[in-house]
Amino acid sequence: MTVIRQEATSGSTGDWHLERKRAWSNWMTGMMFLLPSLILFGVFLFYPMVRTVYLSLFLTDSQGVPVVFVGWENFVNLFQSTSFQLSAKATALFVLYTVPAGIVLATALAILANQKLRGIGLFRTMFSATMGMSVAASSVIWMFLFNPSIGLFNRILAALNIPGVQWLLDPQYALLSVSVATIWMNTGFAFLILLGGLQNIDQSLYESARIAGVSESYKLRKITLPMLSPTLFFVTTVSLINAFQTFGQIDLLTRGGPMESTNVIVYSIYKDAFINYNVGSASAQAVLLFVAVLIVTVLQFKIGERKVHYQ
Amino acid sequence: MSIGKKVLLYMALTVSGLVMVFPILYAFLISFMQGGEVLQGSLWPESFSLANYFSAFERVPLLTYLWNSLVVSVLIMVGQLVLCSLAAFAFVFIEFKGREWIFYLFISTMMIPWEATMVPNFQTVQSLGWLNSYAGLTIPFFAMAFGTFLLRQQFKTIPKELYEASQIAGISKLRFFTGVVLPVAKTTITTLAIYSFLTAWNMYLWPLLVTNNEANRTVQIGLKQMQTQEIASDWGVVMAGVVMVILPTLILLFAGQKRLQEGLTQGALK
């Protein structure tokens with residue numbers, strides 16, 4: 001017995017013991033470093049996401065306590081309600097109005113600001129300024145610009161002898177107006193990232209192009225845009241997700257009106273949950289929002305992967 | 001570059017620059033205007049008097065709001081820096097079973113839009129008794145996958161041998177973390193700090209949900225209050241409030257613009 005025990009604590013088995021002890025201690029330390037983040041993700045992201053899915057299958061009381069299990073009924077009701085159809089339409093249109101135009105604008109500004117000119121830093125600062133602007137402050141400024149009687153836009157129209165427009169009160173114009181303000185708000189961030197992408201392009205490519213004597217538009221189409229495509233792709237994804245998550249400017253500029261024409265999905269969730277106290281319906285909409293964002297993210301990973309392969 | 005092309009470029013830059021900053025500049029100018037001037041549609045104030053600013057501070061507790069926003073933003077910034085750098089350190093230097101799995105868990109957090117979880121989150125914060133408190137405004141935001149990935153990229157540039165040597169020399173992991181890793185990653189940490197502060201200062205939806213009294217409101221919600229009260233027709237005063245809200249972040253952005261651009265690009269192209 002004694003002999004066997006001695007053998008067990010020496011040689012390879014001893015290493016194995018030590019190894020195991022080290023693995024255990026590494027696991028403990030690793031978890032200690034990660035635990036704060038894991039706990040917060042668990043409490044404030046994973047749990048509420050699961051809870052949202054759960055609540056979306058229930059009828060709830062005004063406190064948001066689930067009362068009766070109703071299965072898909074909340075979803076069925078949503079798809080049948082005109083209000084939700086309007087909200088889905090407003091969200092889709094809002095994405096359509098803001099994302100492509102915003103990216104084109106930010107790319108143009110980034111290319112413009114990527115020149116080696118004296119004083120270019122000042123222009124870069126001007127172009128990125130909106131990144132320091134909060135949604136609330138920006139919205140208040142645009143509220144003034146859109147003001148029917150003293151706002152800038154109607155003053156310009158008046159100067160041109162064109163009758164003024166109720167920018168935020170006319171269902172025909174409200175979503176478009178909010179979109180213009182939103183494009184402006186988001187330009188700073190997109191510009192900064194795209195400028196960084198441009199600066200990462202290998203300068204020797206342009207040097208060769210210069211020697212070959214190709215035109216500016218050829219350089220833009222064959223060097224700049226292809227080399228910028230990963231950054232453009234990233235900015236597109238972020239812009240799409242941001243557009244789905246829009247809330248502040250709607251709350252301050254239109255409150256979802258007029259005639260629900262600007263009632264985008266997050267505003268609709270907010271209204272259902274915190275004003276109408278219909279938590280089941282709000283949760284069902286939140287699940288749909290989650291699915292929309294999930295699709296965009298998965299597409300990003302899939303297409304992003306393919307691009308790496310082709311490079 | 002030919003002179004003609006240069007002139008053209010400068011013209012394009014100036015025009016687009018002015019269009020981009022016009023709304024901000026206009027807000028500054030209106031904040032100095034008297035009621036009549038605003039109604040007439042002047043572009044330049046007759047005098048640069050601070051009357052609107054005094055009035056803004058008198059009519060809403062702007063100072064309290066600014067202070068709340070500052071505390072909330074600093075708390076979120078510090079919380080995110082601490083949690084992100086701890087997590088990034090574990091992902092780079094400590095090898096253990098299940099690390100990969102946890103890494104994917106972090107990635108998956110980026111697929112959940114925060115707005116989709118706001119109802120249960122509100123209920124959680126309410127049941128914790130955190131409504132109208134700094135804890136409720138800040139703690140839910142301490143963990144951040146983007147910041148963790150950004151720092152992870154930076155930590156990876158530190159040679160593994162250095163870590164192994166320090167382990168053999170018997171230096172504790174925590175000392176290696178604070179003594180070697182954090183100083184090396186100083187620039188990236190600064191970038192992340194600017195980004196965190198900007199985002200936290202500008203938060204709107206969550207503070208709107210979890211605060212409902214003047215003592216705990218942040219300044220962004222203060223703007224909404226100004227806009228919905230009777231002050232709303234007094235645009236000079238409202239714009240003075242707007243200027244007070246955007247001044248800190250604009251200064252921070254201008255000071256850290258280059259760094260922010262580099263850091264965000266790094267994060268984007270990871």
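In this predicted model, four residues of domain 1 of chain A are in contact with six residues of domain 2 of chain A. Sorted by class, the domain 1 side of that contact holds three nonpolar residues and one polar residue, with no charged residues. The two domains cover residues 2–55 (domain 1) and 82–310 (domain 2) of chain A, and their C-alpha centres sit 44 Å apart.

As for the rest of chain A, it's built from 13 helices and two strands. Its radius of gyration comes out at 27 Å, whereas a compact globule of 311 residues would have one near 19 Å. Boxed along the principal axes, the C-alpha atoms of chain A take up roughly 105 × 70 × 30 Å. Buried residues account for 41% of the 311 residues in the chain. Take the chain A contacts between residues at least 6 apart in sequence, and 69% of them turn out to link residues at least 24 apart.

Now for the strands. Strand E1 (residues 58–60) of chain A and strand E2 (residues 66–69) of chain A pair up antiparallel, over three bridges. Within that pairing, A:Leu59 faces A:Val68 of E2(A). Five residues lie between the strands of this hairpin, and A:Gly64 has a positive phi near 85°.

Chain B is put together without strands: it has 14 helices and zero strands, so to speak a run of α after α along the sequence. Chain B has a radius of gyration of 23 Å against the 18 Å that the globule rule gives for 270 residues, so the chain is more spread out than a compact globule. Its C-alpha atoms fit a box of roughly 75 × 65 × 30 Å along the principal axes. Of the 270 residues in chain B, 45% are buried. Among contacts in chain B with a separation of 6 or more, 78% come from residues 24 or more positions apart.

Next comes the meeting of the two chains. Here, 70 residues of chain B are in contact with 75 residues of chain A. On the chain B side, helix H14 (residues 235–269) of chain B supplies the largest share, 18 residues. By class, the chain B side splits into 47 nonpolar, 16 polar and seven charged residues.

Then there's the nonpolar core. In soluble globular proteins, nonpolar side chains tend to be buried together. The largest nonpolar core in this model has 156 residues, and the members touching the most other members are A:Ala137, A:Val140, A:Phe191, A:Leu194, A:Leu289, B:Ala87 and B:Val242. Helix H4 (residues 62–93) of chain B is the top contributor to this core, with 15 residues. Chain A's domain 1 (2–55) and domain 2 (82–310) each put in at least three residues.

A:Leu289, one of those well-connected core members, is worth a look on its own. Setting aside neighbours within four places in sequence, A:Leu289 is in contact with A:Phe244, A:Ile265 and A:Val266 in chain A, and with B:Pro113, B:Glu115 and B:Ala116 in chain B.

Conventions. Residues are numbered from 1 along each chain as its sequence is written. Chains are lettered from A and ligands numbered from 1 in the order in which they are written. This is a predicted model: local features need pLDDT of at least 70, side-chain atom pairs count only at pLDDT 80 or more; totals for chains, interfaces and linings use all residues. Domain bounds come from an automatic or database domain assignment. Two residues are in contact if their C-beta atoms, placed from the backbone, lie within 7 Å. Ala, Val, Leu, Ile, Met, Phe, Trp, Tyr, Cys and Pro count as nonpolar, Asp, Glu, Lys and Arg as charged, and the others, Gly among them, as polar. Helices (H or I, at least four residues) and strands (E, at least two) are DSSP runs, numbered from the N terminus. The radius of gyration is taken over C-alpha atoms; the globule rule is 2.2 Å times the number of residues to the power 0.38. A residue is buried if 20 or more other C-beta atoms lie within 10 Å of its own, exposed if 12 or fewer, and partly exposed in between; C-beta atoms are placed from the backbone. Two strands pair if DSSP finds at least two bridges between them. A nonpolar core is a set of buried Ala, Val, Leu, Ile, Met, Phe, Trp, Tyr and Cys residues joined through C-beta atoms within 7 Å.
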